[in-house]
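Hi everyone, thanks for coming. Please have a look at the structure on the screen, and then I'll walk you through a few parts of it.

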Amino acid sequence: MRRASSKKASSNSTTSTNSSAMDLFRSATGKAATKELERIDQLFYSYSNESSGMIDPEGIEYLCSDLEVEHTDVRILMLAWKMQAEKQGYFTLEEWRKGLKALHADTIVKLKKALPELENEVRRPSNYVEFYSYAFRYCLTEEKQKSIDIESICELLELVLGSQFPQQVDLFVQYLKTQVDYKVINMDQWMGFYRFCNEISFPDFNNYDEELAWPLILDNFVDWVKSKQS
Amino acid sequence: MNCSNQKKRSFNIEAFKHKVVVDPNYADKTWRLLEHAIDEIYNKNASGLSFEELYRNAYNMVLHKYGEKLYTGLVSTMTSHLVTMSRCIENAHGEMFLEELNSKWADHNKALQMIRDILMYMDRSYVHGSQKTPVHELGLNLWRDNVIYVTGIQSRLQNIVLQLIHKERTGQIINQGLMRNIIKMLSDLGPSVYQVNFERPFLEASGDFYSIESREFIECCDCGDYLQKAERRLNEEIDRVSHYLDAKSEVKITNVVEKEMIANHMTRLVHMEDSGLVNMIIDDKYEDLKRFYNLFHRVPNGLSTIREVMMSYSRETGMQLVTDPEKLKDPVEFVQCLLNKKDKYDKIITLAFNNDKSFQNALNSSFEFFINRNPRSPEFISLFVDDKLRKGLKGVGEDDVEVVLDKVMMMFRFLHEKDVFEKYYKQHLAKRLLSGKDVSDDAERSLILKLKTECGYQFTSKLEGMFTDMKTSQDTNDGFYLKHGADLGDGPSLVVQVLTTGSWPTQPSATCNLPAELTSLCDKFRSYYLGTHSGRRLSWQTNMGTADIKANFGTGQKHELTVSTYQMCVLMLFNNAERLTYKELEQATEIPSLDLKRCLQSMACVKGKNVLKKEPMSKDIGEDDVFSVNDKFSSKFFKVRIGTVVAQKETEPEKHETRQRVEEDRKPQIEAAIVRIMKARRVLDHNNVITEVIKQLQPRFLANPSEIKKRIESLIERDFLERDGSDRKLYQYLA
C-alpha cells in the first residue's frame, strides 16, 4: 500500500542544492531519459517522509511489502549497496536515483524484476568482497563507531554469508556466542573471516597456520573447534 | 795435462784420456779384488784393507765403463752374504732369534757403510746415470728381500715382536733396547715395511687385546676404577712408543686404546649404576670427573655425551627443586638452594672440566630452563635479596657482600620475566627504606648499580628516585624542626618521608583517623611543606608508617612499643576507654576492616606481643569481640617491636593482583615496540614483526606471540597500522 503524501512541487527545490547532479542525469538521451527520471523521483516520494525528505525505516517497510520481500532479506541490503546508501534504514533521493537508474527500474514492478539480476551481480566474486565489507560499514550507526556488537554480527553473518558458507557461519556464530574474550567485532576481523571461509579447508582446517597474520579471534576459533572435535 | 807437440798454443785443458793398456782381463781382475774386499768386510776383516786402493779400483772400473759389471757384482755378492746371514738367523732358537737378527743387522749396516764409501764414485756417476738404486738403499732393499722377507723369518719376527709386547702389557719386563733396534730396523727399511710387517699387525693385535681387557674390566670394575685403568693403559702405550716405536705410531695406537676402552663403552660408563657420571657429580668426585673429561675428550662425541648427561641431570634436579612444595615454602631457602647448586656445578666445571665454555653454556641453559618454570622465581629472588640486605649482611666483609650480590645477579640474568622482578624489588625496597631500621646503604647502592649495568638506566631510575626521596625527606624534616621546633615543645615528634608518586609502588589510599595529638602536628607539617612546594599534593600513607610509643602497664611495667600507624591509632584509643568492641574500634579509626583485623590479631593473639586482651580468646575477630589493655603484659625487652611491615611472600590473591598489573604494564610496552619497529621499517611481514618485538623486549620479559598479535590488531583498529591490500602477511605503518 502506498503511503499518501502530498507531492511536493518543490522537486526542483530539493535538487537546487545539487544541480550539477541533476544536469548529469539530464545529460542523457533526452525525453525518454527525462521521463524515466521523473518516474524514479515519483516513486521515491511515494515512500519518503515529508519532513526529512528521505525514505525512513517505515518507508522501507512499505517498499519491502510492495516488493514482496521480507525487510530482513539480504536483497534489501544488496539494494542499499547498489545505492551506496550511507545510513542504515534510510535512503536519500540521490541514493535512490543512483540505484534505480543503474537497475533501469522506474516502477515497482520493474524494480521487483530487477532483484534477481541484482543478486547475481552481487554474488560475482569480484563484487562480493565489496558487498561484504559494505554490509559491515552499513551497520555502523554512530559516528566514529568502529565495531559492531556480537549479537548484530551474528545476524549479519547469517544474512550475508549464511547461504554461501552455512557450516562455517554456524560454527563461528556458535563460537561467538559462547566465548567471552570479545564483545565486539571490528572491520579487520570481519574481513578476516571472509578470507578464512574462502581459503581455509573445512572442517579440518588443515591449511590453517596460526603463526601467520590471521586475526587472533580466528586463532581462538580454530582452537575452540579443534578442542570440540577431540 | 796432455803434452803434445803444439808449440806456443794456448793451453787447453781436456778430459783425461789415459792411454791405458787395455788389458782384456782388467775388469775381472779389478772386480775380483773388490769382491774379495767385500767378503772381508762381511767377515769383519776389514782392518787389512786399504781404502784408497779399493776406492781407486772402483773408480777406475766405472771410468772404463765397467760400472754395470761392478754393480751387478755388488748385488750378487751382497746377496750371497745376506743369504748366509739369514740362515744363521733362522737357525737361532727362541730368544736368540731377535738377538741374532739384531746383531746381523748391525753387521750389515757397518759393512754397507764401508762398501758405500768405497763405491762412492759409482754411486755418483754410474748409478745416477743409469737410474739404478744407490748403494745404501740397495743394501737396505737386499736386506729386506733376503732376510726379512724370508718365509722362515718374516712371520717369526712378527710373532715374536708381538708376543713380547703382549708380555710387557701383562706386566713382565722385556728388553726394550733390543726392541727399539729391531723396530728401528723395520722403519729404516721403509714405511711400507714398517707398516706391513709391524704396525698393522701390532694395531690389530692391540685392538684385540684391549677389546678383551675392556670387556673384562667393565664387568668387574666400577666406573672410577675403570677410568683409572684406561688412563694407565693409555699412558703405557704412549711410553711404549717413546721407548721403542716410531713416533708416528703414537696417534694410531692411542686411537686404538681410545676406541676399545672408551668409545665402545661410553654409554655404559656414563650411566653405570652407583658409580657413573651422575654419582660422581653428586659426590663431587673432582679427580674422577677430571679423568672422565680428559679421557672422553679424546673420543668423538665423548665430551658431548658427558655434557648432555650433566645438563639433563642438573635440569632434572632443578625441576625437582622448583616443583617441590616443601622447598617453595621458604623463598629465601629456595634461592639459597639455587645458589648452592650453581656453586656446586661451577666448582665441578672449574676443577674437573677444564673451565670448558661449552659446559658452562650448557649449565647456564639448564638453569635458565628450570628457574623460569617456577613463575614465582622473580619474587623469591627479590625476597632473598631483601632478607640479605635487611639482616644477613651484618658482619659480612665488603668483598663477601659483593660475591653474594654477583651470584644473585647471575640468577637474575636467567630470569625471563625481569619486569616482574622489578615490581617486587620495588615493593620490597620500599618496605626496607620505610621500616625505620638501618639499611646497608652501600650494599643497596651496589646492587642497583649492577642492575643498571645489566638492564640500562630505565630499569633503575625509579629505584634511585626512592633513595633520593629518602635523603630529601631528611632535609625537609630538618628544615621543619628548625622552623617549628620551638612551637612543638614536648609533643610527639614527627619523622616524615615524602615519597614521589611514580617512583614508589602504588598503594590505594585508605582511611584512617589519627589521634588528635597527631592531626595538628601533621597539618603543621603539611602547611610547612606546601609553603615551600606549592602546586604539589600530599596524601598521608597511613598504611606504611610506624610509631614508637611509651606504654605503662598495670603492673608498673614500662615498655617502648614500635608499632605500625594503624596499631598506634588503636592503642591510643585505650587512653580514654577501658574496653572497646571491634565495632567501636572500626568506627573510631575508620581503618579498612581487613587491615584492622590483621592489626588487632598481631597485638592480641601473638605470644610475646600481646599488649591487648581479647574476649573471646579465639584467633578470629568477630564484630562483637571486646578488647582491653593487657595489664599483665610482660617482656624481657624494654623495646618491643610489633610491626607488620616486613616483606613477605605474597598471598594467592596478592600474587594474582601483581600478575595482572604486570600484564597490564606489558601491553603498552609491546605496543611501543611494535610502533617503533614499524616506524623504522614502514612495511614488514607478520613473522618478522613478531621476531623483532620479542627481541626488543627480551631484556625485560618474554613476549607472547598471541599477545603481540592482539596488540597489532588493537593498533590496526586505532589506525596506527594497516594490513597491506594485496599481501595479507604484510603490515604497513600509517604515519
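Let's start with a helix that sits on a sheet. Helix α25 of chain B, residues 582-589, lies across strands β3 and β5 of chain B, and its direction is at about 85° to β3(B). A second helix, α26 of chain B, covering residues 593-604, packs on the sheet as well, where it touches β4 and β5 of chain B. Its direction makes about 110° with that of β4(B). Keep in mind throughout that this is a predicted model.

Now for the sheet itself. In what order do the strands of this open sheet in chain B come? The order is β3-β5-β4, three strands with antiparallel pairing. At the edges stand β3 (579-581) and β4 (612-615) of chain B; each has a single partner strand, so one side of each is left without a neighbour in the sheet. From one strand to the next, the twist averages 25°.

We can follow the pairing down to residues. β3(B) pairs with β5(B) in the antiparallel sense over three bridges, and Leu580(B) stands opposite Phe627(B) in β5(B). For β4(B) and β5(B), which spans residues 626-629, the antiparallel pairing runs over four bridges. There, Lys613(B) has Ser628(B) in β5(B) as its bridge partner.

Next, a pair of helices. Two packed helices are described by the angle between their axes and the distance between the axes. In chain B, helix α7 (residues 151-169) and helix α9 (residues 191-220) pack at an angle of about 40°, and their axes are 10 Å apart. That angle makes α7(B) oblique to α9(B), and the crossing is right-handed.

Who meets whom here? On the α7(B) side, the residues include Val161(B), Leu162(B) and Ile165(B), and on the α9(B) side they include Phe198(B), Phe202(B) and Phe209(B). The residues of this contact between α7(B) and α9(B) divide into 10 nonpolar, five polar and one charged.

Finally, let's see how the chains meet. How many residues of chain B are in contact with chain A? There are 13, and they face 15 residues of chain A. The size of an interface is often given as the accessible area lost when the parts come together. Chain B and chain A bury about 1,300 Å² between them, with 45% of it on carbon and sulfur atoms. In chain B, the residues that lose the most area to chain A are Lys709(B), Glu717(B) and Arg728(B), together 45% of what that side buries.

That's my tour, thanks for listening!

Definitions and conventions: Residues numbered from 1 in each chain as written. Chains lettered and ligands numbered in written order. Predicted model: local features only at pLDDT ≥ 70, side-chain atom pairs only at ≥ 80, totals over all residues. Heavy atoms only, no water. Axes fitted to C-alpha atoms, helices over the stretch in contact; angles between N-to-C directions. Helix = DSSP H or I, 4+ residues; strand = E, 2+ residues; numbered from the N terminus. Parallel < 35°, antiparallel > 145°, perpendicular 65-115°, else oblique. Left-handed = near helix turned anticlockwise from the far one by under 90°. Contact = heavy atoms within 4.5 Å. Nonpolar A, V, L, I, M, F, W, Y, C, P; charged D, E, K, R; others polar. Pairing = 2+ DSSP bridges. Buried area = accessible area lost by both parts, 1.4 Å probe.
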